[in-house]
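Okay, thanks everyone, I'll keep this one short. Have a look at the chain on the screen while I talk you through it.

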Amino acid sequence: MLADDGCLMISYQVGDVFISHSQEETQEMLEEANQNLQEEIDALESRVESTQRALADLKVQLCPKLGSNINLEADES
């Protein structure tokens, strides 16, 4: 699809709606969305690492009290 000024218009999906923007605007939107997703991924990875450290600390505390009566091995799934 071409705009009135002759530049190529690209459909960009926002939720359930497609919005037409110039190629430059679409590229900027994609870069911003990619950056936002990367920030979210980094935050989630940080939470995972924090949780794994907490679990390791708990394991250290529980093993002397409970011995091998419970399964405290790391679940890699």
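Let me start with a word I'll use a lot: buried means under 20% relative accessible area, exposed means over 50%, and partly exposed is what lies in between. Keep in mind that this is a predicted model.

With that cut-off, how many of the residues count as buried? Of the 77 residues in the chain, 6% do. The accessible surface adds up to about 6800 Å², and carbon and sulfur atoms hold 52% of that.

Now the layout. We've got 2 strands and 1 helix, and if you walk along the sequence you read β-β-α. The helix, H1, covers residues 23-66. As for contacts, take the ones in the chain with a separation of 6 or more: residues 24 or more positions apart make up 0% of those.

Let's go to the early part of the helix. Glu24 sits in H1, and so do Glu25 and Thr26. So which of these three is buried, and which are not? Thr26 is the buried one here, because its relative accessibility is 5%, under the 20% cut-off. Glu25 comes out at 39%, so we call Glu25 partly exposed. Glu24 has a relative accessible area of 60%, and therefore counts as exposed.

What does Thr26 touch, if we skip residues up to four places away in sequence? The partners are Ile10, Tyr12 and His21. And for Glu24, here's a distance for you: Met9 is 15 residues away in sequence, and the two C-alpha atoms are 9.4 Å apart in space.

Both of those glutamates also belong to a surface feature. Glu24 and Glu25, along with Glu28 and Glu31, form a patch of negative charge on the surface.

Okay, over to a patch of another kind. Which residues make the nonpolar one? That would be Leu55, Leu58, Leu62 and Leu66, and together they give a nonpolar surface patch of about 320 Å². Let me pick out Leu55, which is in H1 as well. Is Leu55 buried or exposed? Exposed, because its relative accessibility is 52%, and the line for that is drawn at over 50%.

So, to recap: a β-β-α chain, 6% of its residues buried, a negative patch that includes Glu24 and Glu25, and a leucine patch that includes Leu55. That's me done, happy to take questions.

Terms used. Residues numbered from 1 in each chain as written. Predicted model: local features only at pLDDT ≥ 70, side-chain atom pairs only at ≥ 80, totals over all residues. Heavy atoms only, no water. Patch = residues over 30% accessible without salt bridge, like charges linked within 9 Å, V, L, I, M, F, W, Y side chains within 5 Å. Areas by Shrake-Rupley, 256 points an atom, 1.4 Å probe, with all protein chains shown as cover. Salt bridge = Lys/Arg side-chain N within 4 Å of Asp/Glu carboxyl O. Helix = DSSP H or I, 4+ residues; strand = E, 2+ residues; numbered from the N terminus. Buried < 20%, exposed > 50% of the residue type's maximum accessible area, 1.4 Å probe, protein only. Contact = heavy atoms within 4.5 Å. Lys, Arg positive; Asp, Glu negative; His and termini not counted. Charge placed at Lys NZ, Arg CZ, Asp CG, Glu CD.
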